[in-house]
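The following report describes one protein chain, moving from its overall form to its helix packing, its core and a few individual residues. The sequence and the structure are shown first.

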Amino acid sequence: MELIGWLGSLCFAFCALPQAIQVHKQKNADGTSHGMLWLWIFGEIFTLIYVCSTSFSLPLVVNYCINLLILVVIVYYKYFYGKTRKINL
């Protein structure tokens, strides 16, 4: 059962990896909605807090931590990459 837990957790953890790779290749996350990103971020953080404070399960903690790291890539391209100030002369 432990192996099944780890396999499932890793599959969930890396399911966002193709999206992060695509966003990195395109150098933007324009097709990703703001609402989905914010719900995803808060869902990951709140669930990670819950798992850590109740029934600590290492596969789940690894899942949420990896997912948050991948999510940082998508958020970076959505909100920060290529955003420059335009100065009107």
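In this predicted model, Leu60 touches Ser9 and Val51 once residues up to four places away in sequence are set aside. Leu60 lies in helix H4 and counts as partly exposed, at 33% relative accessibility. Its C-alpha is 21 Å from that of Ile74, a residue 14 positions away in sequence.

**Overall form**

The protein has four helices and zero strands, so that from the N terminus on, the order of elements is α-α-α-α. Along its principal axes, the C-alpha trace spans about 65 × 25 × 15 Å. The radius of gyration is 16 Å, whereas a compact globule of 89 residues would have a value near 12 Å. Of the 89 residues, 29% count as buried. Among the contacts with a sequence separation of 6 or more, 78% are made by residues 24 or more positions apart.

**Packing of H1 against H4**

Two packed helices are described by the angle between their axes and the distance between the axes. For helix H1 (residues 2-14) and H4, the axes come within 8 Å and cross at roughly 10 degrees. Because angles under 35 degrees count as roughly parallel, H1 is described as roughly parallel to H4. On the H1 side, the residues that meet H4 are Glu2, Gly5, Trp6, Ser9, Leu10, Phe12, Ala13 and Phe14; on the H4 side, they are Leu58, Pro59, Leu60, Val62, Asn63, Ile66, Asn67 and Ile70. By class, this contact of H1 with H4 comprises eleven nonpolar, four polar and one charged residues.

Ser9, which lies in helix H1, takes part in this contact and is buried, with a relative accessible area of 3%. Leaving aside neighbours within four places in sequence, Ser9 is in contact with Pro59, Leu60 and Asn63, and these three residues are also among those of H4 that meet H1.

**The largest nonpolar core**

In soluble globular proteins, nonpolar side chains tend to be buried together. The largest nonpolar core of this model has 19 residues, of which Leu37, Trp40, Leu71 and Ile74 touch the most other members. Helix H2 (17-26), helix H3 (34-53) and helix H4 (58-79) are the elements that give two or more residues to this core, and H4 gives the most, with nine residues.

Leu71, found in helix H4, is buried, with a relative accessible area of 2%. When residues up to four places away in sequence are not counted, Leu71 touches Leu37, Trp40 and Ile41; of these contacts, Leu37 and Trp40 are themselves named among the core residues that touch the most other members. Leu71 and Leu17 are 54 residues apart in sequence, yet their C-alpha atoms are 8.7 Å apart in space. Pro18, in helix H2, gives another long-range pair, since its C-alpha lies 9.7 Å from that of Ile70 although the two are 52 residues apart in sequence. Pro18 itself is exposed, however, with a relative accessible area of 53%.

**The loop between H2 and H3**

Which residues in this loop are described here? Lys27 is found in the loop between H2 and H3, and Thr32 lies in that loop as well. Most residues other than glycine have a negative phi, and most peptide bonds are trans. Phi of Lys27, by contrast, is near 60 degrees, a positive value in a residue other than glycine. Lys27 is partly exposed, with a relative accessible area of 33%, whereas Thr32 counts as buried, at 7% relative accessibility. Apart from neighbours within four places in sequence, Thr32 is in contact with Gln19, Leu37, Ile74 and Lys78; two of these, Leu37 and Ile74, belong to the core residues that touch the most other members.

**Accessibility of selected residues**

The table collects the residues discussed individually above.

| Residue | Location | Relative accessible area |
|---|---|---|
| Ser9 | helix H1 | 3%, buried |
| Pro18 | helix H2 | 53%, exposed |
| Lys27 | loop between H2 and H3 | 33%, partly exposed |
| Thr32 | loop between H2 and H3 | 7%, buried |
| Leu60 | helix H4 | 33%, partly exposed |
| Leu71 | helix H4 | 2%, buried |

Conventions:
Residues numbered from 1 in each chain as written. Predicted model: local features only at pLDDT ≥ 70, side-chain atom pairs only at ≥ 80, totals over all residues. Heavy atoms only, no water. Core = buried A, V, L, I, M, F, W, Y, C linked by side-chain atoms within 4.5 Å. Buried < 20%, exposed > 50% of the residue type's maximum accessible area, 1.4 Å probe, protein only. Contact = heavy atoms within 4.5 Å. Axes fitted to C-alpha atoms, helices over the stretch in contact; angles between N-to-C directions. Parallel < 35°, antiparallel > 145°, perpendicular 65-115°, else oblique. Nonpolar A, V, L, I, M, F, W, Y, C, P; charged D, E, K, R; others polar. Rg over C-alpha atoms; globule rule 2.2 N^0.38 Å.
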